[in-house]
Amino acid sequence: MTMARFVRWYGANPLHLLALICSFALAAYAAMRLFAVRPLGVAVWLVGAAVGHDLILFPLYTIADRSAQSVLRHRAGRLPAVPWVNYLRVPAFLSGLLLLVWFPLIFRMVDGFHAATGLSLDVYLGRWLAITAVLFGVAAVAFALSLRRARRVIGTQEQRRAPGRDDDEPQ
């Protein structure tokens with residue numbers, strides 16, 4: 001099978017398939033090791049994650065995404081031609097992921113943490129908020145640069161057109 005035929009059949013480079021197989025193999029190995037030690041805990045975690053995501057989190061972030069799109073869709077005259085929604089989705093996703101991983105520390109729900117590590121729980125909320133602000137700030141700067149680039153392209157295209165000349169007419 002030639003490379004072009006494989007890419008057409010699979011839809012991506014063979015390295016993508018190799019990385020995917022390696023990822024699944026690593027995940028299966030980790031799951032088997034963890035399941036051997038705490039089978040009930042793993043089962044409860046998987047069911048809880050599925051229920052928590054599918055019944056709680058997915059509807060919440062779908063509503064938030066649709067709300068943001070509908071609010072900004074009504075201002076279509078002022079919106080640029082640059083797709084903006086991912087500049088909002090990516091920092092929100094990363095911030096939510098950090099909150100999901102660190103929520104026991106952020107909301108001070110851990111007992112004995114200071115005695116075990118010597119670290120205070122007082123800093124986690126502020127640090128998470130600061131990281132969230134930086135993520136949205138970086139996304140805003142990236143969006144502004146994208147807008148600037150789009151305006152330059154439009155300006156360059158308009159400068160190429162001479163006044164009173166139609167681009168469709170041969171010269």
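Visitor: I am new to this structure and would like to begin with one residue: in which loop does Arg108 lie?

Guide: Please keep in mind that we are reading a predicted model. Arg108 lies in the loop between α4 and α5, where α5 covers residues 113-117. The backbone there deserves a look, since Arg108 has a positive phi of about 55 degrees although it is not a glycine.

Visitor: Is Arg108 buried or exposed?

Guide: Burial is read from the relative accessible area, and over 50% counts as exposed. Arg108 has a relative accessible area of 51%, so the residue is exposed.

Visitor: Stepping back to the whole chain, how many helices and strands does the chain have?

Guide: The chain has six helices and zero strands, and from the N terminus on its elements therefore read α-α-α-α-α-α. Of the 171 residues in the chain, 13% are buried. The chain exposes about 13,900 Å², and carbon and sulfur atoms supply 68% of that area. If you take the contacts between residues at least 6 apart in sequence, 38% of them join residues at least 24 apart.

Visitor: How should I read the aromatic rings, and how many aromatic pairs does a search of the whole structure find?

Guide: For each pair one looks at the distance between the ring centres and at the angle between the planes. The search finds five aromatic pairs. One of them joins Phe6 and Trp9, a tilted pair with 6.0 Å from centre to centre and 50 degrees between the planes. Both residues lie in helix α1 (residues 3-10), three residues apart, which is about one turn of the helix. Their surroundings can be told apart as well, for Phe6 is buried, with a relative accessible area of 15%, whereas Trp9 is exposed at 63% relative accessibility. Ring pairs also link Phe6 and Trp9 with Tyr10 into a cluster.

Visitor: Why is the pair of Trp102 and Tyr124 called stacked?

Guide: Planes under 30 degrees apart count as stacked. The planes of Trp102 and Tyr124 stand at 15 degrees, with the ring centres 6.5 Å apart, so this pair is stacked. Because Trp102 lies in helix α4 (residues 85-106) and Tyr124 in helix α6 (residues 124-160), the pair ties together parts that are 22 residues apart in sequence. Trp102 is partly exposed, at 41% relative accessibility, while Tyr124 is buried, at 17%.

Visitor: Which residues make up the largest nonpolar core?

Guide: A core of this kind is a set of buried residues joined through their side chains. Here the largest one has six residues, namely Leu105, Ile106, Phe113, Leu121, Tyr124 and Trp128, and α4 and α6 each supply at least two of them. Tyr124, which we met in the stacked pair, is thus found again in this core. If residues up to four places away in sequence are left aside, Trp128 touches Ser95, Leu98, Leu99 and Ile106.

Visitor: How does one find empty space in a model, and what volume does the largest pocket have?

Guide: Rolling a probe the size of a water molecule over the atoms shows where empty space is left. In this structure the largest pocket has a volume of about 850 Å³. It is lined by 21 residues, and Leu57, Tyr61, Phe93, Gly96 and Leu97 lie nearest its centre. The elements that give two or more residues to this lining are α3 (39-73) and α4.

Visitor: Which helix provides the largest share of the lining of the largest pocket?

Guide: That share comes from α3, with eleven residues.

Key:
Residues are numbered from 1 along each chain as its sequence is written. This is a predicted model: local features need pLDDT of at least 70, side-chain atom pairs count only at pLDDT 80 or more; totals for chains, interfaces and linings use all residues. Side-chain values use heavy atoms; hydrogens and water are left out. Helices (H or I, at least four residues) and strands (E, at least two) are DSSP runs, numbered from the N terminus. Buried means under 20% relative accessible area, exposed over 50%, partly exposed in between (1.4 Å probe, protein chains only). Contact means heavy atoms within 4.5 Å. Accessible areas come from the Shrake-Rupley method with a 1.4 Å probe; for residues, only the protein chains shown count as cover. Rings of Phe, Tyr and Trp (its six-membered ring) pair if their centres lie within 6.5 Å; planes under 30 degrees apart count as stacked, over 60 as edge-to-face and the rest as tilted. A nonpolar core is a set of buried Ala, Val, Leu, Ile, Met, Phe, Trp, Tyr and Cys residues joined through side-chain atoms within 4.5 Å. On a 1 Å grid over the protein atoms alone, a cavity is a set of points where a 1.4 Å probe fits but cannot get out, and a pocket is an open set with protein on both sides within 12 Å along at least five of seven lines; lining residues have an atom within 4 Å of a point. Grid points are joined across faces, edges and corners, and a volume is the space filled by probe spheres set on the points.
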